[in-house]
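Visitor: I would like to learn how to read a few backbone and side-chain features. Could you take them one at a time?

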Amino acid sequence: MKKTIVLKYVILLYLFIGCKNHESNTNDDKIASNEINLKNNDQKEKIEENVSLDGKWEWTYNPNNEDVPDMLFTLSIQKTNDNEFIAQYCAIAQKGNRIDCSNEKEYNVKGTIKGNKVEATFYSFFDNKKTKANVELLILNKDSIQWQITKQVNFEFYAPTKCILTKKKKKVSQNSILKKNSLPFDFDNYNKVTDKNVYKVYNPDELPQITKIINDQLNEYPSRLFLIDNGGLPFDTYVFETDGDSVTQILVNIKDDKVLSKEIVGYESDSKNTFVINKDLSITMYKVDSDKNSKSITRTLKIKQDGTIVKVK
């Protein structure tokens, strides 16, 4: 009987010690796990702090997947200096019946960057702009930020109380990956060379957007187009050709889907008139005398930095 009692005490003592050890190990695991999580959080916060906020961010509310969303909210963030934050919002609500935006560049959100969040104030374009409210922006990752109004607002506005905006990707211009014709671009030489691969010519169906712009804004219908390397100016330069009673070459500068300028630079009817676009973006126009195999300058133009085309002589 005594042996049985002693044995029970030994078993209980063993179980007690085992449980303590297990509890200790579990706590140690929890502490280790917490340390790992803290390290991961610190690392995540450092990544979020380095996120570039510059650019346009957008949130759309369209629960029924309709053509016109219930609400559209965009936030255009200007490049910030140090910890300063400035942005302009545009809030379109009630399927376009309420527009809390400005057509001018007017930064109505201003604040300070603190780690992975921004503490700011904003005013509504519906109000007198003197009354402001508080908002907090939390950087979630490089593509997402959370907008949250932190205090009750006592003026009319149509920005959401809370939403997550995603960064709009910059569209890669088709022209940035198209082959351009380098300068000098001698159109008469293009017609003479047997190897047409020296020059790059596009059919209208290869440049449908540009062809449509030319159709709509100039009422012209290109039969072929040449994209010209203008040295990185903030617009695109094309020469397109039209067929009809006479074959005509027209130079056009286009920016943001808008024609900036256009000029007839070559044509062939009773006589042949051709051109060269030089490296300095001057355009020399010639009249060709086929009998004498000679060319005489008729006109000189120049492409300006703003996209206009001016007569030099």
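Guide: What follows goes through backbone geometry, strand pairing and one side chain in a predicted model.

Visitor: Which peptide bond is cis here, and what is its omega?

Guide: The general idea first: most peptide bonds are trans. In this model, the bond that joins Leu183 and Pro184 is cis, with omega about 0°.

Visitor: Where is Pro184 found?

Guide: Pro184 lies in a loop, with strand E9 (162–167) on one side and strand E10 (185–186) on the other.

Visitor: How should I read the sign of phi?

Guide: Most residues other than glycine have a negative phi. Gln94 is not a glycine, yet its phi is positive, near 50°. Lys95, also not a glycine, has a positive phi of about 55°.

Visitor: Where is the place of Gln94, and where is that of Lys95?

Guide: Gln94 sits in the loop between strand E3 (84–93) and strand E4 (98–100). Lys95 is likewise placed in the loop between E3 and E4.

Visitor: Are these residues buried or exposed?

Guide: The cut-offs are needed here: buried is under 20% relative accessible area, exposed is over 50%, and partly exposed is in between. Gln94 has 44% relative accessibility, so Gln94 counts as partly exposed. Lys95, at 39%, therefore counts as partly exposed.

Visitor: Now the strands. Which strands pair with E9, and in what sense?

Guide: Strand pairing is read from bridges, with at least two of them between the strands. Strand E1 (residues 55–61) is joined to E9 by 2 bridges, and the two run antiparallel. Strand E8 (residues 144–149) also pairs with E9 in the antiparallel sense, over 5 bridges.

Visitor: Which residues of E9 stand opposite Trp57 and Ile145?

Guide: Trp57 stands opposite Lys167 of E9. Ile145 has Leu165 in E9 as its bridge partner.

Visitor: What should I keep in mind about side chains along a strand?

Guide: In a regular strand the side chains alternate between the two faces of the sheet. For a single case, take Gln88, whose place is in strand E3.

Visitor: Is Gln88 buried or exposed?

Guide: Gln88 has 13% relative accessibility, so Gln88 counts as buried.

Visitor: What does the side chain of Gln88 reach?

Guide: The Gln88 side chain reaches the backbone nitrogen of Glu106, at 2.7 Å. Leaving out residues up to four places away in sequence, Gln88 touches several others, among them Thr74, Leu75, Ser76, Tyr107 and Phe125. Glu106 is also one of the residues that Gln88 touches.

Notes. Residues are numbered from 1 along each chain as its sequence is written. This is a predicted model: local features need pLDDT of at least 70, side-chain atom pairs count only at pLDDT 80 or more; totals for chains, interfaces and linings use all residues. Side-chain values use heavy atoms; hydrogens and water are left out. Helices (H or I, at least four residues) and strands (E, at least two) are DSSP runs, numbered from the N terminus. Buried means under 20% relative accessible area, exposed over 50%, partly exposed in between (1.4 Å probe, protein chains only). A polar contact is a pair of N or O atoms within 3.5 Å; within protein, one must be able to donate a hydrogen and the other to accept it, and residues adjacent in sequence count only if both atoms are side-chain atoms. Contact means heavy atoms within 4.5 Å.
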